[in-house]
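Reader: I'm in my first year and still learning to read these pictures. Could you take one part and walk me slowly through what it touches?

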Amino acid sequence: MKKHKVTQVRHLTDSTFVIRFERNGMEFQTGQFVLLGTKGAVDRREYSIYSGENDDYLEVLVREVDGGKVSSKLKKLKAGDLVDVDGPFGFFKFDPQSFQVQQFLFIATGTGISPFHGFVKTHPQLNYKMIHGVRKVEEAYDHDDFNKERVTLCTSGEKGGDFDGRVTEFLKTETIDENTNCFLCGNSEMIYEVFDILSEKGIPTSNIYTEVYF
Amino acid sequence: MKYHVVTLGCQMNMSDSERVISVLEEAGYQWTDNEEEAGVIGILACSVRQKAIDKVYSRIHKWNKWKNNKNLVTFISGCILPDDHEKFLKLFDITFQMKDLPELPKMISSYGITTPTHLNVGIDPHNENIEDFWNVQPHYQSNFEAFIPIQNGCDKFCTYCAVPYTRGREVSRPSKDIIAEVALLVAQGYKSITLLGQNVNSYGLDKKGEELTFPQLLREIGELGKRMKKEFWLYFTSPHPRDMTDEVIEVIAEYPVLGKQIHLPMQSGDDKVLMRMNRKHNMEKYRHIVETIRRIIPQATLFTDVIVGFTGETEEQFENTRKAFDEFKFNMSYTAIYSPRPGATSHRWVDDVPLEEKKRRLHQLTEDLRKHNLPYNESLVGQTVRILVRGEDRKEGFLTSYTEGKLTIRFACTDKSMIGQFADVKITSASDFSLEGELVEVAASC
């Protein structure tokens, strides 16, 4: 566990923010996560790395959880504060060169967009499509960092996205090439449903990669 | 001065306690079975269940009361969650992590002289000095069976488990030290040796390119077995299906000293439950491993771990676990009723399967296991098998033993000198969870 200095906290909505901190030489592969907590705190939580492999800083995307022991403390951080960071960990690693067919579909709900933000920042020329499910339009976290042509925003709580409804409803209407490599990140209910939908559409389970947010 | 150590939990803690005992004996302390006689009492804690932690609290409150009447130094180590660690700092005289074990005698002798902060070390998730612990020569509790730790910590973050938060990061012990310990034990006549680790087959992955991989380590031990020309069985536990490669299975098949028993935790037979458990393997992967084992080592026995009633497990999902039992026909399953473990991710979730239903599922799987075991065990009747004699059986006049595949066999014999020895037994009868046989060459003393 190492101490890293916070250099920026960027609030995206009332409850969601990006913490940027010094990288201090940490090597990672995009898709991995770190354990993060405020300096000296007993509790820490897992957060996917939001920044790219080539950035000289580390970023994580955090949503404040009601009554959360960690996220509420992280929200109060400001530049100059220290955080405890351990890692990287995890197996949701992404290297497009390791795939025969480099055609990718990313499906996220909420802050599950975080690893995909890292994927795209690391590999800007990627051939991908992304479906992002949120409740409100304001939760389209940093969509400017993605190619708008490739992203579908599904909003279930209000109109104004590209699709009014849940990710799963949108997905059912889509045709997906069976060679597509599908990456899923978000809550377990979404992942269960999407897993079934993709299987029904003929995507082999070996082409489905999941990272469940708990 | 006399000392006593209470060890709670798994084989890792049991193995750790062998080194704790060794350090204390080396420093001149003498073991006592009677806690009340001891001047130094320690506990190796387990955080897997709340019950185990409750035991720690009840013991320390009792020991602290004894301090009114006698001099007593207490210490704690083992698997401790950060939250509990904060509380133990106030209750125990000494807290330390295993990597600091060689310093324990110094900490005890400094007690009362130095300040408590020097005796209470914070939890550091990095196990950088863990080699100092591994270098302690353990005080083995058996003279024919031994456990050898080959790694410490876990990076897998299964949602039901707190080990990544108690034992820290995965660190592999140097292979040369592991092989030297195996060689020493074999030379001393040990017959059963088990390599221990939280994810034993991810051995070496933390030191890629600098250290052997797990199959390479097994191969080295297999070669050692050939050179030493001594009979022994080497096992490992627990592997993680994610890191179980075909190469591991091929190496086991190749070397006679590598025990033909594979413990492969499945945890659930349902892909969605596995996702929720954050297991990082699915049934397709698990099936591939089992098929490979059956193809390459058809005689191997297969053991597993399963949790029933995990948060959100539906009847249909449980039925998938039953189907997996039908398909894989395990020889043994260590089936546990799910209970939220403090510090684990799933502890924050609603434990929504009623206890009675969990018990029903446990009972059902036990019945399924029984159903598959009986014909398998009956198929062995009439065969002569090699066994390792482990001790006296509950049935008077019998000794108990296990086969290379760790199936339990008892046979009529009262000669205790056979305990710890290999022998050949002809299997005469079978039941669902055990076998009975008779010695092929009956010792005169039996």
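Author: Here is a close look at chain A, going from its two domains to its partner chain.

A bit of housekeeping first: this is a predicted model, where local features need pLDDT of at least 70 and side-chain atom pairs count only at pLDDT 80 or more, while totals for chains, interfaces and linings use all residues. Residues are numbered from 1 along each chain as its sequence is written, chains are lettered from A and ligands numbered from 1 in the order in which they are written, and side-chain values use heavy atoms, with hydrogens and water left out.

Okay, chain A itself. It splits into domain 1 (2-89) and domain 2 (96-212), with bounds that come from an automatic or database domain assignment. Taken over C-alpha atoms, the centres of the two domains of chain A are 23 Å apart. Where they meet, domain 1 of chain A brings 19 residues and domain 2 of chain A brings 14, with contact meaning heavy atoms within 4.5 Å.

Together, domain 1 and domain 2 of chain A bury about 1300 Å², and 53% of that is on carbon and sulfur atoms. (Buried area is the accessible area, with a 1.4 Å probe, that two parts lose on being put together, summed over both.) On the domain 1 side, Thr30(A), Tyr50(A) and Leu61(A) supply 37% of the area buried against domain 2 of chain A, more than any other three residues.

Now for the charged and polar pairs. Between domain 1 and domain 2 of chain A there are 2 salt bridges, each a side-chain nitrogen of Lys or Arg within 4 Å of a carboxyl oxygen of Asp or Glu. Look for Lys121(A) and Asp55(A), whose side chains form a salt bridge at 3.2 Å, N to O. The same interface has 11 residue pairs in polar contact, both at pLDDT 80 or more. (That's a pair of N or O atoms within 3.5 Å; within protein, one must be able to donate a hydrogen and the other to accept it, and residues adjacent in sequence count only if both atoms are side-chain atoms.) On the domain 1 side, strand E2 (16-22) and strand E5 (57-63) of chain A are the elements giving two or more residues, and E5(A) has the largest share, with 3 residues. (Helices, H or I with at least four residues, and strands, E with at least two, are DSSP runs numbered from the N terminus.)

Next, turn to chain B. Here 23 residues of chain A are in contact with 22 residues of chain B. The two chains bury about 2100 Å² between them, with 57% from carbon and sulfur atoms. In chain A, Phe91(A), Tyr192(A) and Phe214(A) lose the most area to chain B, together 35% of what that side buries.

Between chain A and chain B the count is 3 salt bridges. You can find Asp196(A) and Lys272(B) joined by a salt bridge at 2.4 Å, N to O. There are also 7 residue pairs in polar contact between chain A and chain B, both at pLDDT 80 or more. Several elements of chain A supply at least two residues each to the side touching chain B, including strand E3 (33-38) and helix H4 (188-200). H4(A) gives the most to that side, with 6 residues.
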